[in-house]
There are 4 protein chains.
Amino acid sequence: MGSNSFGRQFKVTSFGESHGKGIGCVIDGCPAGVYLDEQMFASAMKRRRPGFSPFTSPRKEEDRVEILSGVFENTSTGAPITLWIENKDQKSTSYEEVKDVIRPGHANFSYLKKYGIFDYRGGGRASARETATRVAAGVVAKQLLGAIVIQAKVIQVGGYKENFKKVLEQVIEEGDSVGGIIECNIKNVPPGLGDPIYEKVEANLAKAMLSINACRGVEFGDGFDSAAMKGSLHNDQMENGKFLTNHHGGILAGITTGEEITFRAAFKPTSSIKKEMKTLLTCGANTTLAPKKNTRHDPCVALRAPAIVEAMAALVFADFILLSNCDKLEKTLT
Amino acid sequence: MGSNSFGRQFKVTSFGESHGKGIGCVIDGCPAGVYLDEQMFASAMKRRRPGFSPFTSPRKEEDRVEILSGVFENTSTGAPITLWIENKDQKSTSYEEVKDVIRPGHANFSYLKKYGIFDYRGGGRASARETATRVAAGVVAKQLLGAIVIQAKVIQVGGYKENFKKVLEQVIEEGDSVGGIIECNIKNVPPGLGDPIYEKVEANLAKAMLSINACRGVEFGDGFDSAAMKGSLHNDQMENGKFLTNHHGGILAGITTGEEITFRAAFKPTSSIKKEMKTLLTCGANTTLAPKKNTRHDPCVALRAPAIVEAMAALVFADFILLSNCDKLEKTLT
Amino acid sequence: MGSNSFGRQFKVTSFGESHGKGIGCVIDGCPAGVYLDEQMFASAMKRRRPGFSPFTSPRKEEDRVEILSGVFENTSTGAPITLWIENKDQKSTSYEEVKDVIRPGHANFSYLKKYGIFDYRGGGRASARETATRVAAGVVAKQLLGAIVIQAKVIQVGGYKENFKKVLEQVIEEGDSVGGIIECNIKNVPPGLGDPIYEKVEANLAKAMLSINACRGVEFGDGFDSAAMKGSLHNDQMENGKFLTNHHGGILAGITTGEEITFRAAFKPTSSIKKEMKTLLTCGANTTLAPKKNTRHDPCVALRAPAIVEAMAALVFADFILLSNCDKLEKTLT
Amino acid sequence: MGSNSFGRQFKVTSFGESHGKGIGCVIDGCPAGVYLDEQMFASAMKRRRPGFSPFTSPRKEEDRVEILSGVFENTSTGAPITLWIENKDQKSTSYEEVKDVIRPGHANFSYLKKYGIFDYRGGGRASARETATRVAAGVVAKQLLGAIVIQAKVIQVGGYKENFKKVLEQVIEEGDSVGGIIECNIKNVPPGLGDPIYEKVEANLAKAMLSINACRGVEFGDGFDSAAMKGSLHNDQMENGKFLTNHHGGILAGITTGEEITFRAAFKPTSSIKKEMKTLLTCGANTTLAPKKNTRHDPCVALRAPAIVEAMAALVFADFILLSNCDKLEKTLT
């Protein structure tokens, strides 16, 4: 079954490979009447883009989003919206020499086990480049969010919660990489969004985050710390129509309460490093992956993740907002 | 849109309320030829059941699973399998007096905002009782897992990693509750299971876990700790056909590698406690929820979670195993 | 993949066998606030029920619909609504002797090829009894239709468009059966319902009709006759804000125009007859199916079809009405 | 909810407008290992293409299919396959003058009611041009069909079953159009394909056909004629391991029997004609649509339909073949 669609009502189907002709997505289920122009995507794409900071990979991609369908006179028509990002800086030749090497931490091994074939050029479909389409789709999703504000930021790089620059410079000098943690805050969320049981807000956000390359964990509100808390502390008491605290992180029983939503996502260190690693050839023979001075990589993938985290959260809430129109008979008949 | 179905190929649709006639689920997409009888469910149900240990709530439910459809002469026929658990110990009267009270940490508030109506009897659909149907469905799912072994256990209660008994006795004495952490290990997983991009193994397991009441976070492999690690340490090198370490936790690029899968899920403290809490009436007026000596509750919901965590993981893998039959043309044509 | 769910937003999952404990369905996605009580189902169920007219099979089933979940104080809560119909008149013994016979026109052959197992008791899951759950679900769906009126009637029995009684008496005397044609008219349909491309109104109604046992064809508006028409005649001209004709049958480009919708569905003759037929045993050996005087069967399945046709049409429109809330941004934000 | 996806396991999502940059589709769920090259599409596209016969519209589109993703070294990788057809002969200017006219038989009216906006350039998303993506997707689907052969042909044009040329020449001279009927035969279908209840083979083929522009009806096997038949004639008796007749048209209880499948689809006359028609302006005022000598149109849309009918049938069977791998436990575990 296809695994490249995200969302139920606001449905994004993405496609494309790192070193193919380009990448893109089709958004099916976006209401008619949404204002869209190609310039809207530039700033969001720039935040995610490699080569944006001294600490991210040097691949030079303009990442210009082209609208191929679904928009007429700058307005969505209800038809599927197709966003296309051409690949302009792929250098397939530079991957020829590693085509038979299983790259540690990468998709080669598991994809070959599953499909029996792997597009090794820059990781093909498994490349982090795929996340560019998520950011593009998120720009459209944000048009449906009304007053909701989603903000994600890096709160930890390696073991450190501050002075990231120093950590990163050292890691680059070592030819190594580090992980990081992103925190995301969502404000002005109306109460009553999300669905019970299997489609809880946390469940959907968790799937959204863990679907991002290199994400290894997610927690909501007090998260893992809540395990050590007592109910008398964790329960949010109410008075004069308001919650007195927000340990529940804006979600009760999987549905929003109107309080601020907070979650954190952990990202592992970049798999591509410049240190020699033992690995196998696809034929099974032992080998070592020699450091490649010119290989593209980020010292810390988390640096580019905030734009992706925000985009995925926007997709989740665009979906919940649309679906909420069917919650009550009184709504559906108006 | 319905939010009560889980799974793509092996699809479970659950239904029922805490104090209605009963709860159950329909499993659609189970292959024909699976052996099933009603006795198979007893031990799994017992692990999750309230009143099972001195530290869980006193509700006395036999939780006997009845097969209503889909099985002929103890064999699945390919027709939808319906599992039904009758409610036998519901005492609605005991909820009349709190019907207008918004119970802190519970679904009343958010459900009323969403639906404008709430079945307050024991939490109705939002009750943890719903998880009994997950455990029952998991018993069927496990029949599809072949050699895969899924084991979950409590590794932390409150702030403590050992001597849980002492912590729990103290909490009960205080009329309070604590959270906990569950670890789940999955062995003998064939490589190549799971799907790329939005349907990664972690993404599906994360959604499965965060869909469980009271779950506040999940992490895979080294999880949040991986954020502090360097790539040279986190990357799993290979030699002589084997991984030398398993920091990746059995999953690369969202697809299984054949190594053991490990994840942890955090659960918040039980919301129902015997301490007085400030809250509101549904009309908006201030009130306090007086401690109820006879109210059913667990001091630590995590104690009953292992059976649920295993069941949800089984649903995820039953799905992936069935879907894996469509990975390669050579498979689909045989 | 499961094949027992119908609908996208208003989703019905049915289950149960002809001679099992009963049959039922789960409706997931029904808005909260819909009035429901068990008495509402009686008249609709009666129309479909066997033994209702002298011309339908003698099986005596009360077909009482019990609500197992999703309704609190006669109002839907947004939780899945489960409808259950107990089997009370199953006589499995009467099927023992035909258990190894492939019944012409029935499911035995194809189900055995697909699943390798077949619940032969009254056709098991393939029995027309399954349609009772469609009628029950349709009763709930009709609560969402507002002013829309759906009416289906038999317009042809065998080759005859009138005096059905005479045709049926003759067929019964012969121990034979005949087919029939149902016409369905849908009035007061708001314009703008339905979706383009793959989810056109006709496409969904056609799937709904052809999913009913014994249905062999469906046509909309002028249907097959339109093939012989010229565009200048078939095109519906407009004047003074109105369509001057309705050859398009209330649907243009898959979306409703507000004009009356008309379609016809053809049903083959009942497969169960009292005449001797050549067939095979499941082992492959030749045999003949001897006429069984006491076997339950209808001389014309089409006679019971109107209630089913209306129910399926109601499911289709309940879905479209709910989904239409997401057509325009201006709607979704209110 | 999106309405531009077709299929469950082999899922096609199409996009694009008649006079936008182009049209295309994403195929998600195609197994890895399928041979594909861009030349494979040419002949199928040519059959559907306008301007192909003297009797079809003069729009000159090369309809060259470009593969944008999912294929590496001429082999599918399991990643989504994107097919793209650039629009090269769109002349938007020629539509400016009818932008405010509701074209009889076309989508303007119903789309405006639904979405409040309509891309009037050549019908935008509602154009028959969209069917080109179905034909392209069908070429990929056919790679999964093994020995199955799908053949559709025109069996009736207007009221005539032969000498179509004469009918068409006369209609063109009149500036009018006619409908037609397509018959499709599917050979070498393995028994056991398709699913029970709501996903019957007929149900899926019917939805597939009625989703094609201008299709007004579909019938299987003896179709509408079966309504006039008696069971003793319609039932297919068996002897020596074989069916003696094939009134059931290769499908029993929604599942294939291995016999040849036959169905017919009726298409209404082309809506675009050169005769004056009364209609409305979008503002509601009366107007007439003056004959346009240079407007593109086909005298009979059915002439181009066989390629589309075959493609949609191929999508249905590719899906059933993939899904059939999950029918039995013995299959899924191998």
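Reader: By what turn, and with what shift along the axis, can chain B be laid on chain A?

Author: Start with the general idea: two copies of a chain are related by a rotation about an axis and a shift along it. Now the case here, bearing in mind that this is a predicted model. A turn of 180° with a shift of 0.0 Å along the axis lays chain B on chain A, at an RMSD of 0.0 Å. That is the relation of a two-fold axis.

Reader: OK, and which residue of chain B comes closest to that rotation axis?

Author: Look for Lys207(B): its C-alpha lies 2.5 Å from the axis. The two copies also use the same surface, with 100% of the contact residues of chain B recurring in chain A.

Reader: How many residues are in contact between chain B and chain A?

Author: On chain B there are 107, in contact with 107 residues of chain A. Between them the two chains bury about 8600 Å², and 59% of that is on carbon and sulfur atoms.

Reader: Which three residues of chain B supply more of its buried area against chain A than any other three?

Author: Lys114(B), Tyr198(B) and Arg216(B), which together supply 12% of it.

Reader: On to the charges, then. How many salt bridges does the rule find across the interface of chain B and chain A?

Author: The rule finds 12. For one to inspect, try the side chains of Lys230(B) and Glu174(A), which meet in a salt bridge at 2.8 Å, N to O. If you go through polar contacts across this interface, the rule finds 55 residue pairs, both residues at pLDDT 80 or more. As for residue types, the side of chain B that touches chain A has 40 nonpolar, 41 polar and 26 charged residues.

Reader: What about strands: in which sense do β10 of chain A and β10 of chain B pair?

Author: In the antiparallel sense, over 3 bridges, with residues 215-220 making up the strand in each chain. Go to Val218(A) and you'll find that its bridge partner in β10(B) is Val218(B).

Reader: And chain D? What rotation superposes chain D on chain B?

Author: You can read that pair with the idea we began with. A rotation of 180° superposes chain D on chain B, with 0.0 Å of shift along its axis and an RMSD of 0.0 Å. The C-alpha of chain D nearest that axis belongs to Asn325(D), 3.1 Å away from it. Here too the same surface serves both copies, as 95% of the contact residues of chain D recur in chain B.

Methods: Residues are numbered from 1 along each chain as its sequence is written. Chains are lettered from A and ligands numbered from 1 in the order in which they are written. This is a predicted model: local features need pLDDT of at least 70, side-chain atom pairs count only at pLDDT 80 or more; totals for chains, interfaces and linings use all residues. Side-chain values use heavy atoms; hydrogens and water are left out. Copies are superposed by least squares on the C-alpha atoms of residues with pLDDT of at least 70 in both. Contact means heavy atoms within 4.5 Å. Buried area is the accessible area (1.4 Å probe) that two parts lose on being put together, summed over both. A salt bridge is a side-chain nitrogen of Lys or Arg within 4 Å of a carboxyl oxygen of Asp or Glu. A polar contact is a pair of N or O atoms within 3.5 Å; within protein, one must be able to donate a hydrogen and the other to accept it, and residues adjacent in sequence count only if both atoms are side-chain atoms. Ala, Val, Leu, Ile, Met, Phe, Trp, Tyr, Cys and Pro count as nonpolar, Asp, Glu, Lys and Arg as charged, and the others, Gly among them, as polar. Two strands pair if DSSP finds at least two bridges between them. Helices (H or I, at least four residues) and strands (E, at least two) are DSSP runs, numbered from the N terminus.
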